[in-house]
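User: Please take a close look at one part of this model and describe how it is built and what lies against it. A single connected account would be preferred.

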Amino acid sequence: MHLVRLLLIAVVLAGMTSYALADGGLDAKKRKMTGDAMEVIIMRSTLAKNFVGAQKEISESMVQSVCTAVSTESETIMKRDKVKIRYAAIKYRDPKNTATAEEEALLAKFDKDRKLKYQWDEVTIEGKAHLRYSRPIFIEKACLACHGAKDKLPPAISKLYPEDKAYDFEVGDLRGMVQITMEK
Ligand code: HEC
């Protein structure tokens, strides 16, 4: 009996997969966009966890081996999937990621409602309708080496980012968000 049930489940799953692949269009775009967001979030978290925090002096190149690597990878994904990837933060490190008033409002919403895991909306860019997927990014223990207490930050950070505001975070704090935008 078990075997029959397993077979039945396998057939249903196979059917669902082929349906999902065949439906194409908007859903395929949405899947790609959510996949891109997860890819950069997981990459940052994995790199941070593998980051050797034990060194006394974290060199310039080491400081850039986590989030700077994610920024570089984001450029690659933008070309690969024809999407725009934007990071926005109120307490930013790279000034280009400074949240606009609209982004600040969405960040406040994510911060207040921790059950809200993402938001979809539509924006018009150069007269063309675009889909936008926004997802919050939170601080984990591994992030603290470079985003924790100001007096413990690697000196290379203030040298590279004189305007840095992205410190004094604690585990669980909202760090910022990623937004994936794609033409509809
Ligand atoms: C090795 C040091 C280091 C670690 C560890 C680290 N970051 Fe960063 N973070 C940086 C640097 C440097 C930048 C600026 C990147 C750039 O210029 O592209 C940055 C930028 C960011 C940004 C882009 C927004 C902004 O403020 O410019 C986010 C979001 C972010 N970090 C989140 C995290 C999270 C979440 C973790 C843990 C999972 C983490 N970081 C771990 C060094 C680090």
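The account that follows is about the sheet and its surroundings.

Analyst: The model is predicted, and local features are given only at pLDDT of at least 70, side-chain atom pairs only at pLDDT 80 or more, while totals for chains, interfaces and linings use all residues. Residue numbers start from 1 along each chain as its sequence is written.

As a setting for the sheet, the protein chain has seven helices and four strands, where helices (H or I, at least four residues) and strands (E, at least two) are DSSP runs numbered from the N terminus. Along the sequence their pattern is α-α-α-α-β-α-β-β-α-α-β. Of the 184 residues, 21% count as buried; a residue is buried with 20 or more other C-beta atoms within 10 Å of its own, exposed with 12 or fewer and partly exposed in between, the C-beta atoms being placed from the backbone. Among contacts between residues at least 6 apart in sequence, 68% join residues at least 24 apart; a contact requires C-beta atoms, placed from the backbone, within 7 Å.

The sheet itself is open, has four strands in the order S1-S4-S3-S2, and is paired in the antiparallel sense. Two strands pair if DSSP finds at least two bridges between them. In general, the strands of a sheet pair through backbone hydrogen bonds, either parallel or antiparallel. Here strand S1 (84–88) and strand S2 (119–125) are the edge strands, each pairing on one side only. On average, neighbouring strands are turned by 30 degrees against each other, direction ignored; axes are lines fitted to C-alpha atoms, for helices over the stretch in contact, and angles run from 0 to 180 degrees between N-to-C directions.

At one edge, S1 pairs with S4 through five antiparallel bridges, and Ala-88 has Met-177 of S4 as its bridge partner. Strand S3 (residues 128–138) is joined to S4 by nine bridges, again antiparallel. Met-177 is also the bridge partner of Pro-136, and Val-178 is that of Arg-135. At the other edge, seven antiparallel bridges connect S2 and S3, with Asp-121 bridged to Arg-132 in S3. These two strands form a hairpin with two residues between them, and Glu-126 in the turn has a positive phi of about 50 degrees. None of the seven residues of S2 is buried, so this strand lies largely in the open.

One helix packs against the sheet: H2 lies across S1, S3 and S4 and runs at about 30 degrees to S3. H2 has 26 residues and spans 37 Å from its first C-alpha to its last, close to the 38 Å expected at 1.5 Å a residue, the expected span being 1.5 Å times one less than the number of residues. Its buried residues are Met-33, Asp-36, Ala-37, Val-40, Arg-44 and Ala-48, and their cover includes H4, S1, S3 and S4.

Met-78 lies in H4. The C-alpha atoms of Met-78 and Asp-36 are 9.1 Å apart, although 42 residues separate the two in sequence. Apart from neighbours within four places in sequence, Met-78 is in contact with Val-83, Lys-84 and Ile-85. Met-78 counts as partly exposed, with 16 C-beta neighbours inside 10 Å.

Two loops that lead into the strands deserve mention. Most residues other than glycine have a negative phi. Lys-82, in the loop between H4 and S1, has a positive phi of about 50 degrees although it is not a glycine, and is exposed, with 11 other C-beta atoms within 10 Å. Asp-168, in the loop between helix H7 (155–160) and S4, has a positive phi of about 60 degrees; with 14 C-beta neighbours inside 10 Å, Asp-168 is partly exposed.

The ligand also involves the sheet. Of the 28 residues around the ligand, Cys-67, Ser-71, Asp-94, Cys-143 and Cys-146 come nearest, a residue being near if its C-beta atom, placed from the backbone, lies within 6 Å. Helix H2 (25–50), helix H4 (67–81), helix H6 (144–147) and strand S4 (174–183) each give two or more residues to this shell.

Terms used. Two residues are in contact if their C-beta atoms, placed from the backbone, lie within 7 Å.
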